[in-house]
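Me: I would like a close look at a single part of this structure. Please keep the answer connected and brisk.

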Amino acid sequence: MATMKDVARLAGVSTSTVSHVINNNRFVSEAVREKVTTAIGNLNYAPSALARSLKLKQTRTIGMLLTASSNPFYSEVVRGVERSCYERGYSLVLCNTEGDEARMNRSLETLLQKRVDGLLIMCTESHLPSADILNRYPSVPSVMMDWAPFDGGSDIIQDNSLLGGEMATRYLISRGYRRIACITGPQDKTPARLRLNGYLQAMNNADLPVLPGYVVTGDFKFQGGFNAMNQLLAINPQPEAVFTSNDAMAVGVYHALYQAGLSVPQDIAVIGYDDIELARYMTPPLTTIHQPKDDLGELAIDTLIHRLAAPGGSQQLLVLTPELIERGSVAGI
């Protein structure tokens with residue numbers, strides 16, 4: 001494999017001149033530039049990204065730890081992260097943790113050993129990444145996405161799940177529904193707890209009772225929503241409306257209602273959370289709480305880049321504001 005020295009020798013110039021031609025960062029005469037580019041072509045030379053990163057002490061690479069899931073929300077967030085990386089001249093290395101603590105920490109160590117410039121962590125595990133591993137690489141900034149509380153020095157970006165849960169429930173109440181159930185996410189996860197608290201807060205503020213069995217714990221997945229809705233259908237009286245703590249479970253809710261011969265919203269109204277792309281194509285289109293997924297990815301990358309430029313700043317907690325999206329799955333009484 002040809003090196004920069006080989007190019008310089010063939011072109012009859014210094015290695016620094018070859019570097020200036022490749023990086024276009026200093027004036028080089030057209031005659032010399034032509035000699036260098038001809039030598040590069042003849043030798044089939046390709047610059048080494050590794051050598052460049054060692055010299056600059058920067059790899060222009062962001063690592064991301066993510067738990068793969070059937071929930072489309074995560075793939076939409078990753079899409080926004082990757083787009084933001086590309087627009088800012090960075091590459092993204094993605095590691096799937098599969099919900100396993102050992103795999104999460106092994107992947108974390110691997111990314112840090114590869115000298116990523118920054119790290120995004122968006123896992124659904126109840127266990128946190130190893131503080132010992134993170135502490136061994138204090139110069140690598142990290143951002144926790146939608147995961148709090150966290151005792152480390154990472155910046156945290158999350159949506160206001162408490163407000164979102166309250167908004168969803170308040171909207172159902174405003175449309176005349178009184179028997180409102182809630183399908184929650186796993187309660188060892190902060191967003192799930194906060195969305196449930198928002199539901200309970202809205203019901204309490206409206207002086208409405210939460211009937212026995214009306215809070216069912218799901219798993220943020222399609223099957224979890226299906227199973228939870230079937231539990232609710234076995235209760236007497238059945239709910240008039242259901243706040244489903246994410247859109248993936250709302251898909252399962254729709255299927256359970258379809259199998260029971262019930263219609264949305266004529267028999268039971270449904271509101272979701274996340275506003276995944278699929279939500280607008282459901283029948284009827286799903287009313288939901290919008291999470292700004294592109295903004296989440298963009299803000300995470302910009303926060304990392306800012307931290308690289310100013311590493312000594314205090315820990316940041318950035319909270320994104322949810323938005324109600326009205327569609328056809330909620331009617332009114």
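Which residue of strand 9 is the bridge partner of alanine 241? Please go on from there to the sheet and the helices around that pairing.

Reply: This is a predicted model. The bridge partner of alanine 241 in strand 9 is alanine 269. That bridge belongs to the pairing of strand 8 (residues 241-244) with strand 9 (residues 269-274). The two strands run in the parallel sense, and three bridges join them.

Now the sheet. Strands 8 and 9 sit within an open sheet of six strands, in the order 7-6-8-9-10-12. Its pairing is mixed. Strand 7 (215-217) and strand 12 (323-325) have a single partner strand each, so they form the edges, and one side of each lacks a neighbour in the sheet. From one strand to the next, the twist averages 20°.

Next, the helix across these strands. Helix 11 lies across strand 6 (180-184), strand 8, strand 9 and strand 10 (287-290). Helix 11 runs at about 155° to strand 9.

Helix 11 (residues 247-259) also packs with helix 10 (residues 222-233). Their axes are 6 Å apart, at an angle of about 45°. That angle is why helix 10 counts as oblique to helix 11. The crossing is right-handed. Helix 10 contributes Phe222, Gly225, Phe226, Met229, Asn230 and Leu233 to the contact. From helix 11, the contact residues include Ala248, Met249, Gly252, His255 and Gln259. By type, the residues of this contact are 10 nonpolar and five polar, with no charged ones.

Methods: Residues are numbered from 1 along each chain as its sequence is written. This is a predicted model: local features need pLDDT of at least 70, side-chain atom pairs count only at pLDDT 80 or more; totals for chains, interfaces and linings use all residues. Side-chain values use heavy atoms; hydrogens and water are left out. Axes are lines fitted to C-alpha atoms, for helices over the stretch in contact, and angles run from 0 to 180 degrees between N-to-C directions. Helices (H or I, at least four residues) and strands (E, at least two) are DSSP runs, numbered from the N terminus. Angles under 35 degrees count as roughly parallel, over 145 as roughly antiparallel, 65 to 115 as roughly perpendicular and the rest as oblique. A crossing is left-handed if the near helix is turned anticlockwise from the far one by less than a right angle, and right-handed if clockwise. Contact means heavy atoms within 4.5 Å. Ala, Val, Leu, Ile, Met, Phe, Trp, Tyr, Cys and Pro count as nonpolar, Asp, Glu, Lys and Arg as charged, and the others, Gly among them, as polar. Two strands pair if DSSP finds at least two bridges between them.
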